[in-house]
Amino acid sequence: MNLSSRLRAARLAGRSSAFALVEIMIVVLIIGLLAMIAIPNVKRALERARLQAIRVNLRTIDSVKTQWAAENKKGGNETPTEADLAPFFQGSKFPTAVVGETYQINNVDSAPTAITQSKLLDVPAGGTITMDE
């Protein structure tokens, strides 16, 4: 065995198969960076889903309101209450709030709106959400 072979064998024999602290720190750093990228996207996706759920509720209220007016022979300036509309919803229950918003039914000719208690994407706290956005 020559000298270079002996040195190489000695180096390999002294080497451990465990991870070094630096390698573990690099892995933790990479995981942290990925979390920094992912968390804001998840938060935005949740807000977008909540806003979409509110808009679905508004469309449902609008459709039920039209059905109520037709069945009760009401004009466009009539405003139903939640109790008036409840029998027309599935399970006879007015839609529940998604994030604590308050639904404004409005009259038959006007679209319903929702006033949110918390910020959702571009809608500030206390802002109005409509069906069309």
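This is a short dialogue on reading features in a predicted model.

Colleague: Start with the layout. How many helices and strands are there in the chain?

Modeller: The chain has three helices and three strands. Along the sequence the pattern reads α-α-α-β-β-β.

Colleague: What share of the residues counts as buried?

Modeller: Of the 133 residues, 23% count as buried. The accessible surface of the chain is about 9300 Å². Carbon and sulfur atoms own 59% of that surface. As for contacts between residues at least 6 apart in sequence, 51% join residues at least 24 apart.

Colleague: Take helix H2. How do its end C-alpha atoms compare with the expected span?

Modeller: H2 covers residues 21–71. At 1.5 Å a residue, its 51 residues should span 75 Å. The end C-alpha atoms are 74 Å apart, so the two values agree.

Colleague: What comes after H2?

Modeller: Lys-73 follows H2, and its phi is positive, near 50°.

Colleague: How do I read the sides of a helix?

Modeller: An α-helix has 3.6 residues a turn, so residues three or four places apart point the same way. Now apply that here. Val-22, Ile-26, Ile-30, Leu-34 and Ile-37 form a nonpolar patch on the surface. Together they have about 490 Å² of accessible area.

Colleague: Is Ile-37 buried or exposed?

Modeller: Ile-37 sits in H2. Its relative accessible area is 55%, so Ile-37 is exposed; the cut-off for that is over 50%.

Colleague: Which residues of H2 are buried?

Modeller: They are Glu-47, Leu-51, Ile-54, Arg-55, Asn-57, Leu-58, Ile-61, Val-64, Lys-65, Trp-68 and Ala-69.

Colleague: What do the buried residues of H2 pack against?

Modeller: Four elements. They are helix H3 (82–85), strand S1 (102–104), strand S2 (113–115) and strand S3 (128–129).

Colleague: Give me one residue on the strand side. Where does Ala-114 lie?

Modeller: Ala-114 lies in strand S2. Its relative accessible area is 0%, so Ala-114 is buried.

Colleague: Leaving aside neighbours within four places in sequence, which residues is Ala-114 in contact with?

Modeller: With that exclusion, Ala-114 touches Ile-54 and Leu-58, both among the buried residues of H2. Its other contacts are Glu-101, Thr-102, Tyr-103, Gly-127, Thr-128 and Ile-129. There is also a spacing to note. The C-alpha atoms of Ala-114 and Gly-126 are separated by 9.5 Å, and the two residues are twelve apart along the chain.

Colleague: Next, charges. What is the general idea?

Modeller: Side chains of opposite charge can pair when their charged atoms come close. A search of the whole structure finds one salt bridge. Asp-62 forms it with Lys-65. Their closest N and O atoms are 4.0 Å apart.

Colleague: Where do Asp-62 and Lys-65 lie?

Modeller: Both lie in helix H2. They are three residues apart, about one turn of the helix.

Colleague: And how much of each is accessible?

Modeller: Asp-62 has 21% relative accessibility, so it counts as partly exposed. The cut-off for buried is under 20%. Lys-65 has a relative accessible area of 0%, so Lys-65 is buried.

Colleague: Now the rings. How is a pair described?

Modeller: A pair of aromatic rings is described by the distance of the centres and the angle of the planes. Here the count comes to two aromatic pairs. Phe-89 and Phe-94 are edge-to-face, at 5.4 Å centre to centre with 80° between the planes. Phe-94 and Tyr-103 have centres 6.2 Å apart and planes at 70°, so that pair is edge-to-face. The angle cut-off is over 60 degrees.

Colleague: Which residues do the ring pairs link into a cluster?

Modeller: Phe-89, Phe-94 and Tyr-103. Phe-89 is buried. Phe-94 counts as buried at 13% relative accessibility. Tyr-103 counts as buried at 10%.

Colleague: Last, the loops. Which residue between H3 and S1 should I check?

Modeller: Ser-92. Its phi is positive, about 55°, although Ser-92 is not a glycine. Ser-92 is partly exposed, with a relative accessible area of 46%.

Colleague: And where is Leu-121 found?

Modeller: Leu-121 is in the loop between S2 and S3. Leu-121 is not a glycine, yet its phi is positive, about 50°. With a relative accessible area of 24%, Leu-121 is partly exposed.

Key. Residues numbered from 1 in each chain as written. Heavy atoms only, no water. Patch = residues over 30% accessible without salt bridge, like charges linked within 9 Å, V, L, I, M, F, W, Y side chains within 5 Å. Areas by Shrake-Rupley, 256 points an atom, 1.4 Å probe, with all protein chains shown as cover. Salt bridge = Lys/Arg side-chain N within 4 Å of Asp/Glu carboxyl O. Helix = DSSP H or I, 4+ residues; strand = E, 2+ residues; numbered from the N terminus. Buried < 20%, exposed > 50% of the residue type's maximum accessible area, 1.4 Å probe, protein only. Phe/Tyr/Trp six-rings, centres within 6.5 Å; stacked < 30°, edge-to-face > 60°. Expected span 1.5 Å × (residues − 1). Contact = heavy atoms within 4.5 Å.
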